[in-house]
Every structure is written in structure tokens, then in C-alpha cells.
Amino acid sequence: MTSAQKITLIRSLLAQQNIDGFIIQRGDEFLNEYVAPYAERLAWLTGFTGSAGMAVILQENAAVFSDGRYILQMQQELDQKYWKSFHISKHSPVQWILEQKKETIRLGYDPKLMSERDLKAFQVPTITLVPMIKNPIDAIWNNQPTPPHHPIVPHEIQFSGQDHQEKLQQLQQELISKQEDAYILCDPASICWLLNIRGSDVPYTPIPLIFAIVQQDSVALYAGETQYTKELSNFLGSNIYLKSHHDLEADLLTLNNKNIAFDPVQTPIWFIQTLEKQAVTFCKRNNPCIALKACKNPVEQEGSRQAHLRDAVAMCRFLYWLEHHGIGLSEVEVAHQLNCFRQEAGGEFYREESFPAISGVGENGAVIHYHATPEHCSILTENKAYLIDSGGQYLDGTTDITRTIWLGENQAPKALKEAATCVLQGHIALSSAIFPKGTTGSRLDVLARYALWQRGLDYDHGTGHGVGSYLSVHEGPCRISSIPFPVPLQEGMILSNEPGYYLSGQYGIRLENLLLVMTAHFENFLQFEPLTLVPFDLNIIVIENLSDKEKKWLNNYHQHVLEKISPHLNSQEQQWLQSVCAPVT
């Protein structure tokens with residue numbers, strides 16, 4: 001089915017219901033970032049495959065909106081004849097709709113795919129929001145995959161560090177103290193953390209597609225009936241009831257005259273609309289699992305260190321291999337080889353990539369979330385920059401690392417080296433930071449950008465995101481971004497440190513480590529421990545532009561890498577690592 005046919009059918013279905021337009025954003029009924037194939041509605045309709053975005057179809061026009069990571073990708077993937085594309089922070093969907101339609105408009109949406117917060121922006125006088133029982137995309141997607149129902153498995157305490165009944169008791173005591181009868185959890189990662197379970201329904205993220213209703217003395221877990229096993233039932237205990245997704249609506253309707261808590265950001269509006277059919281009192285507050293999940297306990301912290309050690313062995317082997325064998329291979333072939341190294345180094349702990357590897361040579365590196373495919377990819381050639389952003393899911397931790405490598409014997413261009421040096425300086429400044437407790441990521445963001453700003457350069461994405469413990473590679477609530485955000489960094493949080501610079505049509509530079517927030521030697525202060533243990537390519541760095549303090553940090557970091565990783569490499573790889581970690585002066 002062509003883009004024109006899809007849009008025509010959608011518009012016809014809308015017209016039959018007297019609806020003027022339809023909103024579809026990337027996500028599923030669980031509001032996940034990464035989704036199973038059946039929920040790739042935005043990609044199927046528009047061709048845009050980014051992990052964040054929204055489309056609006058009106059009877060005359062249609063547009064797709066995403067953030068700065070995907071501007072170039074939208075331009076490449078969308079059929080410009082049918083779809084306009086916009087930076088969502090600079091031209092919002094509501095602004096665009098009001099520009100197209102001056103009169104009142106009836107705008108349809110799928111209530112199972114949008115939260116109360118998602119809909120709030122569309123609540124303006126000239127827009128009437130209409131919940132649609134049947135998603136029009138599902139109605140015309142003839143070969144739509146079926147939702148997955150893979151087994152739910154226990155996540156043992158040797159990895160979780162805390163018994164799930166202890167976590168559950170803490171949450172239930174909170175319900176009692178707040179006089180709440182139930183909390184509705186719609187975020188599968190939070191439920192996985194709370195109950196110490198994992199799954200494989202979603203690519204790159206070890207979660208099952210589940211909901212939960214936590215009451216003061218019990219929990220109802222909702223999944224596909226075939227996902228439950230006797231082992232799981234015995235592991236969870238008798239106070240956790242294993243129910244089917246088909247039971248959910250009926251169970252919600254039994255909560256009459258109850259105080260029901262939920263997170264308006266993480267809960268599809270369908271839940272609220274269903275509960276409103278009876279007399280309930282809503283208590284809107286943040287998902288209580290989010291902050292607890294973000295602060296890793298000592299077992300999870302050590303697990304992350306071990307996962308990063310294996311990941312670094314794989315990355316160092318890969319970088320040595322890339323230097324000797326990468327030229328002439330495709331971006332896809334090279335990324336596949338990296339995954340093979342991870343499988344070998346990770347052994348029984350390795351499960352899968354933590355996101356689709358971003359493997360981009362030359363101008364493709366400038367597409368911030370570039371995705372190479374066998375049908376559309378480039379060959380690695382000499383005298384180009386190669387950006388590889390990748391990660392792994394290990395039973396004891398989740399990794400995410402980016403390195404930019406110069407390919408070939410010739411010197412990298414002066415402008416590229418100067419920009420890369422600024423990126424490294426920003427990376428070092430943030431990694432070296434000591435800051436008072438209560439500091440938010442937005443207060444630290446400038447450290448990563450300052451060196452770039454002094455040359456009139458910048459990057460259009462956040463500097464850091466939270467990372468889960470064998471969960472999502474993008475985890476809230478912590479982040480490092482220029483956008484003000486009220487959540488302070490706390491001990492045990494794991495965040496990325498990934499400044500970059502992108503010159504469209506030429507190259508991309510990004511240098512990323514994961515950092516663990518830990519107590520500093522000053523009272524009431526915090527600092528970072530780098531978890532990632534992989535050398536930076538000094539062929540793209542102007543050493544004389546580094547300060548003595550920056551050189552000292554770099555030398556100490558590379559010495560630490562050498563000591564931790566070298567024992568796990570063969571003799572040739574050890575010689576290579578010794579060379580690339582040599583001190584700079």
C-alpha cells in the first residue's frame with residue numbers, strides 16, 4: 001500500500017465519523033519508547049522510523065513532528081509530497097493545526113495510546129478532541145503483526161539486590177499513608193523493577209507488555225495468559241494475582257468509591273475514561289517506582305560495573321578489529337561484528353543490543369539517530385570519520401557508548417579535529433564535575449557545551465539520559481539537558497555523558513560514557529564515576545588545545561582503561577591498547 005493510499009483510506013474513515021483529523025504518536029498502549037512490530041503505527045503510516053515523533057493527518061494536509069535528533073532523518077524518510085516535517089520544539093503540532101484550520105475542528109485520537117499530558121496541548125477552544133474506539137491505522141493495516149506474548153521470567157536477587165516483596169511492601173505502606181486504595185501502573189519497566197521480573201516482548205528492552213494494579217494488600221498483574229509459568233507463580237507469591245489483559249476493564253470497573261492514584265504522564269487516558277464511568281476519586285502523582293528505580297542499590301551498581309567491563313572488552317576488540325579490517329565493509333556489517341564481540345565477551349550474561357546500533361560513516365554520522373539497513377547503508381572508506389553509538393543488555397546491567405573514529409592514514413581535517421577536541425573537553429568537564437546535592441542536570445549541562453560555545457558551535461540534543469539496570473537504555477526521571485527539569489541527581493543514578501557536534505553533509509562527532517552518581521569527598525556533594533572503559537581516538541584530537549588538567553584527566557582515564565581491560569585481550573590487542581592509551585603531554 002502506497003503513502004497516498006494509506007492517507008486516502010485514513011481520511012475516508014475519519015470523514016465517515018465526521019472527524020476532521022487524527023493524531024498518532026510513536027508508542028504503544030504502554031507508552032513505551034521502543035515498541036513491538038505490531039505497534040509501529042507511525043512508521044507504517046509515514047515511513048519515519050525514529051523512536052520519538054507524532055503525526056497529524058487533516059483532510060487536506062499532513063505533517064510529522066519530532067525533536068532535533070531526527071530532523072535530517074525525517075527529511076530523508078518522509079515522502080515530502082504527502083508529509084511536511086517540523087522540529088516539534090520550534091513548530092508544535094497544535095500551532096500547525098491552527099494554521100491549517102481557522103474554524104472549529106474535530107480531532108480524533110486513540111485513547112489507549114495517549115496520556116492526559118499528551119492531550120493537554122490540544123485542549124484549545126477551536127479543537128474538539130474525539131476518542132476513537134477503533135484506531136483507523138489498525139483498521140487499514142491488513143498484515144499488522146500480532147502482539148507478542150513471550151514468557152515472563154524472574155530476575156533473580158543476585159542481580160536485583162532487593163527482594164520484590166520488600167519493594168512491594170514499601171509501595172503499599174505509601175498507599176496506606178496517603179489513604180489511596182490502589183495505584184495503577186502502566187509502565188512495564190516500573191512493574192518489572194517492582195516485581196523483579198523481565199521479558200522479551202519489546203526489542204532492545206527486556207520487558208513484557210504488562211499492566212498492574214497495586215492495592216494495599218495485593219497486586220493484580222495483567223499480561224497475555226500464555227506468558228505465565230508455574231516458576232513465575234511460585235517466585236512472585238500468593239499476594240500477586242496473575243490475570244489476563246482481557247480482565248483489565250472489568251477489574252477497573254470494580255474500583256467504585258475508591259481513591260485511585262496514577263501518573264498522568266505514564267497512564268493512557270483510556271484508564272481515566274474507563275474509571276470515570278463510576279464514582280472514584282483520582283489522586284494524580286508521579287509513579288513512585290520511577291525515583292526508586294533510578295537510584296541503583298549497591299548490587300545493581302556493582303552489576304553495572306561488571307557489565308561495563310565485559311562491554312569494554314568487546315568494544316576494545318572491536319576497535320582493534322575495525323582498524324585492521326573495517327575499511328571496505330558496510331556500516332551494517334561493521335555493526336554486526338560489534339554485536340558478535342559483545343556476544344562473545346558477554347557470554348551467559350549477554351542478551352541483546354540495548355538499542356539499534358547507530359553506525360554512520362562520513363555524512364551519515366551527522367544524522368544524530370541514523371539507522372543503516374542492508375538496503376540503505378554506506379561503505380567505510382579511508383579518510384572519513386566513523387561514528388558508532390551502541391550498547392548491550394546484560395543480566396546485570398545496561399550499557400550505552402559512543403566513539404568517533406578517524407579511518408585511514410591521512411590526518412583528519414583541522415576543523416573536524418578542533419570540533420572533536422571541544423566535544424572531548426565538554427565530556428571531560430562534565431565527567432569531572434563535583435556538585436552539591438540537590439543539583440539538577442540542567443545546571444550541569446553548560447559544562448558539556450562551554451568549549452563548543454566558545455567556537456560558536458552547539459548540538460541539538462540533550463547531554464545525558466538516565467539508564468536502567470537491565471531495563472530501558474533511556475530511563476527517567478534524571479537527565480542532563482539545557483531544558484530546565486526539577487529532578488536533582490542522586491547517588492546511585494546512572495546517566496550518559498554525550499556531547500557532540502554535527503556538520504550536515506560531512507560528519508558527526510559524539511563521545512559518550514555512562515556515569516554513576518556517587519558521594520564526593522566533600523560533605524553533601526556528589527561526583528561521577530565513569531563506568532565506560534574504552535579509549536578515545538586521539539587522531540581526532542588537537543592535544544595542544546587541551547589544558548594540563550584535561551590532559552591529566554585523559555591520561556588517568558586511559559591508564560584505568562589499560563589496567564582494567566588489557567588482561568582480557570590477546571597479545572596483539574594488548575599492544576594496540578597500550579599504544580592508544582599512551583599518555584599525552
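UniProt positions are given here in the numbering used for this structure, and such annotations may be inferred rather than shown by experiment. The model itself is predicted.

**Stop 1: the N-terminal span.** Select residues 8-120. The unreviewed UniProt entry annotates this stretch as "domain: Creatinase N-terminal". Put a distance label on the C-alpha atoms at its two ends, and they lie 28 Å apart. Colour the span by secondary structure: helix makes up 31% and strand 21%.

**Stop 2: Gly500.** Move on to strand 25, residues 500-503, where Gly500 is found. Is Gly500 buried or exposed? Its relative accessible area is 0%, and because buried means under 20%, Gly500 counts as buried. Now show what surrounds this glycine. Leaving aside residues up to four places away in sequence, Gly500 touches Val423, Leu452, Asp458, Tyr459, His461, Ile509 and Arg510. For a pair to label with a distance, add Val473: this residue and Gly500 are 27 residues apart in sequence, and their C-alpha atoms are 19 Å apart in space.

**Stop 3: two crossing helices.** Select helix 16 (residues 414-431) together with helix 18 (residues 548-565). Their axes come within 10 Å and cross at roughly 80°. Angles of 65 to 115 degrees count as roughly perpendicular, so helix 16 is described that way relative to helix 18.

Which residues of the two helices meet? From helix 16, show Leu424, Gln425, His427, Ile428 and Ser431; from helix 18, show Glu550, Trp553 and Leu554. Coloured by class, this contact has 4 nonpolar, 3 polar and 1 charged residues.

Terms used:
Residues are numbered from 1 along each chain as its sequence is written. This is a predicted model: local features need pLDDT of at least 70, side-chain atom pairs count only at pLDDT 80 or more; totals for chains, interfaces and linings use all residues. Side-chain values use heavy atoms; hydrogens and water are left out. Helices (H or I, at least four residues) and strands (E, at least two) are DSSP runs, numbered from the N terminus. Buried means under 20% relative accessible area, exposed over 50%, partly exposed in between (1.4 Å probe, protein chains only). Contact means heavy atoms within 4.5 Å. Axes are lines fitted to C-alpha atoms, for helices over the stretch in contact, and angles run from 0 to 180 degrees between N-to-C directions. Angles under 35 degrees count as roughly parallel, over 145 as roughly antiparallel, 65 to 115 as roughly perpendicular and the rest as oblique. Ala, Val, Leu, Ile, Met, Phe, Trp, Tyr, Cys and Pro count as nonpolar, Asp, Glu, Lys and Arg as charged, and the others, Gly among them, as polar.
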